Amino acid sequence: PPPSTTLELVGTILMKQKKIYETARGEYGRFSSIFDADSMERIFQLSPLSKKRLIRKLMIKILMGREDRSRGGEPIFHWVTAGDSAAAGHGNSFTYSYTSILEDTVGDLFKSAGINFVVTNHAGDAWSGMELALCMEHIFGQDADVLSWDFRQMDSSTDSYGDPLSPSQGLDPLLFGERAGLVLPHLPFLFFLSLFPGGEERIQKLETSGIGISSMGGEVLRELILTLPDYNNDQGRHAALAVNKFRCGGIIEGKEMCHDKAGPFWCNPIGGADCDERTKNIVRNAKYHAGDSCSNGRYQTPWNDGWKMHRLKGRLLGFHLIQMLHLAAIDLDIFERLHPELQINQLLDALREEEEVEEFLFSKTRPSRIINEGNTLFESWNILKQKNAICLNAKVASREQTKNLLKLEFEPPRESLCDDFLPFQNVYFRVPKEDGWKSIDPVAIWHGMIPKKASVSLGLCFKHCYGNQCGELSDELRINWREVVIRVNGNLVSVKKVGGCYILEGKEGVVWSNEGLGSGMKIQNLGDGELLLSSAFVLY
């Protein structure tokens, strides 16, 4: 059973932490010192104010655990990963993603504190980011305590942050964080991974507005990895499992870090690398960890991380959270000693009042805007990102058995037949060519949820596939070529591409009258390929 007093909890955390450190020692050998407190302080950028906010969330969960124990329940501390395919862990077995490793690291320890630690990996492919941003409250759920942003492939350089037209999708970390604060019921704590240089300064506005933030510095992480064994020498060739064949000179997992307009990819080395080709190939071939049936290399691309990188990130995040839980227990013990007259519910009310003040502060903060005079798409995104959304997402619908809302059939996962990859695979609504027009009726779905006279914007996220090849980059051309036809109220519409989604545009632009949407949306597939719809949404 969980400890009955906070002081006992402090001791339990220290004891469990020691066991977890022994696990890390078995994986990293003498290099397990990278998980000590000094390393955590260097790797994670965490101000005193944001540390206080994270610790307070954990204090609340500890108290809720005691309160729920009498009813036979336990509170959930929910970590949600949002990101691209590198963040998802594509190329490795699902259990080797850093999100799964994080759960493996801290799950039992949180359980000993009376808290159920739950992780959800919603990271996706290179074009899922805008869909996650616009529909986050429907896809992520209503109970995210921590939301991580890890869009390394989609981040833009500092001079084009937030550009919806950029090939990197321009998923600005500040705008993403602001939308999370706007649409989720409570302010989540935000972890940022893989920020491009300049991103640290950009996200500071979130902290000023009332949201707790922390980031894992990419350059600091690289410096830490370069202290690990080098496979060029004997010491590296006899290293512990999690660091063996991790790096060769300055080459990490067969790649070197490089910076370009799309962000910090792990790129193929370009000459002059301090690692010969034979040794480099040995390191590269040891990058991924997946079952024999997953050896076709479908997801094993240059930009996705290998299992050792995921394990390192997951352990680092885990030890960081353990450190914060330990500090939360100490602070709670002090808080209880200062206020011995307060019952558990009164302690909870005091802490929640502090959170409510910050939520009020955030609600009064002026939202950021993309500044680019004369570009209507930029102004459209400024409007869209501040709106509420009602989304019908295929993966959520299939899980909740609500598919009849769109009256479309589901397309089974098609990305791979490999069992190790199944959790990564997406679900889509199918729009067959032979079925002609398919109705997507926002009036029937959203009737009564949006005021009749409200102005709304309509959007779709889909892929067009030929065989096993699905792509988004050419979908806008297919719309222009009339291979995919969309009507609203019987009239053909054009689209504005925003990331992997399409905002429908009529004579009056991207804004429609909810009252006038009598005939709803219809879509038809006139091309030879398959049309797979992942989300339909209305913003208001």
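Trainee: What makes helix 5 a helix that lies across a sheet, and which strands are involved?

Mentor: In this predicted model, helix 5 lies across strand 2 (76-83), strand 3, strand 4 (146-150) and strand 5, and its direction is at about 175° to that of strand 3. Contact here means heavy atoms within 4.5 Å. Helix 14 (residues 307-338) likewise lies across strand 1, strand 2, strand 3, strand 5 and strand 6, running at about 145° to strand 6.

Trainee: Why is helix 5 called mostly covered?

Mentor: A residue counts as buried when its relative accessible area is under 20%, and 11 of the 15 residues of helix 5 are buried. Among them are Tyr98, Ile101, Leu102, Val106, Leu109 and Phe110.

Trainee: How do you know that the span of helix 5 is close to the expected one?

Mentor: The expected span is 1.5 Å times one less than the number of residues; for the 15 residues of helix 5 (residues 98-112) that gives 21 Å, and the helix reaches 22 Å from its first C-alpha to its last, so the two values are close. Helix 5 nevertheless bends by about 45° at Val106, and it is followed by Gly114, whose phi is positive, near 80°.

Trainee: Which strands are at the edges of the six-stranded sheet, and what makes them edge strands?

Mentor: The order in this open sheet of 6 strands, whose pairing is mixed, is 1-6-5-4-2-3. Strand 1 (44-45) and strand 3 (116-121) each pair on one side only, and they are the edge strands.

Trainee: How do you know that strand 5 and strand 6 pair?

Mentor: Pairing requires at least two bridges, and strand 5 (residues 189-193) and strand 6 (residues 213-216) have 4 in the parallel sense, so they meet that condition. One of the partnerships is that of Phe191 with Ser214 in strand 6.

Trainee: What makes strand 14 and strand 18 the edges of the other sheet?

Mentor: That open sheet has 4 strands in the order 14-22-17-18, with antiparallel pairing. Strand 14 (438-440) and strand 18 each have a single partner strand, so one side of each is left without a neighbour in the sheet.

Trainee: How do you know that strand 17 pairs with both strand 22 and strand 18?

Mentor: Against the threshold of at least two bridges, strand 17 has 5 to strand 22 (residues 521-525) and 2 to strand 18 (residues 491-492), so both pairings qualify. Val484 is partnered with Asn525 in strand 22, while Arg487 stands opposite Leu492 in strand 18.

Definitions and conventions
Residues numbered from 1 in each chain as written. Predicted model: local features only at pLDDT ≥ 70, side-chain atom pairs only at ≥ 80, totals over all residues. Heavy atoms only, no water. Bend = angle between axes of the 7 residues up to and from the residue. Buried < 20%, exposed > 50% of the residue type's maximum accessible area, 1.4 Å probe, protein only. Axes fitted to C-alpha atoms, helices over the stretch in contact; angles between N-to-C directions.
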